[in-house]
Amino acid sequence: MPAATASPARWRLFAAVPVPVELRAAVARAVEGLRGRPGADDDWRWTDADGWHLTLAFLGSTDPARVPALQAALAGAVAGFEPFVADAGGLGAFPSLHRARVLWYGVADPERRLRALAAGVRDALDGDPGPFHAHLTIARSRERFGTDAGPLLRDAAAPGGRLPVDVVVLYRSHLGRGPARYEALFEAPLGVAASSTTGSPA
């Protein structure tokens with residue numbers, strides 16, 4: 001009997017809008033202020049500013065052989081959306097302030113353009129169909145059932161900013177010791193015909 005062939009390692013993939021350097025730096029300063037408050041590092045695991053992004057679709061564990069098809073699907077999905085700029089600002093928590101599992105920096109979506117873009121990307125990539133909330137994750141609770149974020153966020157200042165939404169990136173997550181690392185596999189510009197982006201690596 002021939003030896004069994006090991007299945008290829010699967011990749012954790014997601015699609016997201018990258019955060020520009022200026023906005024990233026402003027939010028990082030606000031996070032440093034939060035981390036200076038009593039108990040902040042004991043209660044929360046703070047995310048790495050270099051990895052901040054606005055997630056549109058989470059694909060999870062994926063066969064790497066599917067990546068070329070996913071690139072083509074992503075390019076096609078965003079080609080029909082024109083670039084725009086979203087206002088950002090404000091701090092909050094999911095699922096509630098007093099039993100928070102996630103702390104976030106918000107991105108406004110009054111015209112639901114981000115929601116429409118996320119829906120299009122999720123449909124094209126067969127991503128997680130869960131509810132969409134436009135945000136950057138800045139921390140996660142160390143407690144399984146959440147932490148009261150009220151004291152931490154009380155009177156906390158969050159910078160306003162602008163998030164250009166002109167490209168969606170297919171990322172691979174690398175997990176291990178320390179913060180997760182995100183590798184950009186492919187960039188799909190909004191409003192560009194899919195045939196001119198398919199196969200162009202990030």
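**Exercise 1.** Work out how β8 and β9 pair, then place them in their sheet.

*Solution.* Start with the pair itself: β8 (residues 167–174) and β9 run antiparallel, held in register over eight bridges. Strands here are DSSP runs of E, at least two residues, and helices are runs of H or I, at least four residues, both numbered from the N terminus. Two strands count as paired if DSSP finds at least two bridges between them. For one bridge, take Val169, whose partner in β9 is Glu187.

Now zoom out. The open sheet has four strands in the order β3-β1-β8-β9, with antiparallel pairing. Its edges are β3 (53–62) and β9 (181–189), each pairing on one side only.

By the way, this is a predicted model: local features need pLDDT of at least 70, side-chain atom pairs need 80 or more, and totals for chains, interfaces and linings use all residues. Residues are numbered from 1 along each chain as its sequence is written, and side-chain values use heavy atoms, without hydrogens or water.

**Exercise 2.** Find where Arg35 sits and what Arg35 touches.

*Solution.* First, locate Arg35: it's in helix α1 (residues 21–35). Next, check exposure: Arg35 is partly exposed because its relative accessibility is 33%, between the buried cut-off (under 20%) and the exposed one (over 50%), using a 1.4 Å probe and protein chains only.

Then list contacts (heavy atoms within 4.5 Å). Beyond neighbours within four places in sequence, Arg35 meets Ala40, Asp41 and Trp46. Finally, look at Asp41 again: its side chain makes a 3.0 Å polar contact with that of Arg35. That term means N or O atoms within 3.5 Å, one able to donate a hydrogen and the other to accept it within protein; residues adjacent in sequence count only if both atoms are side-chain atoms.
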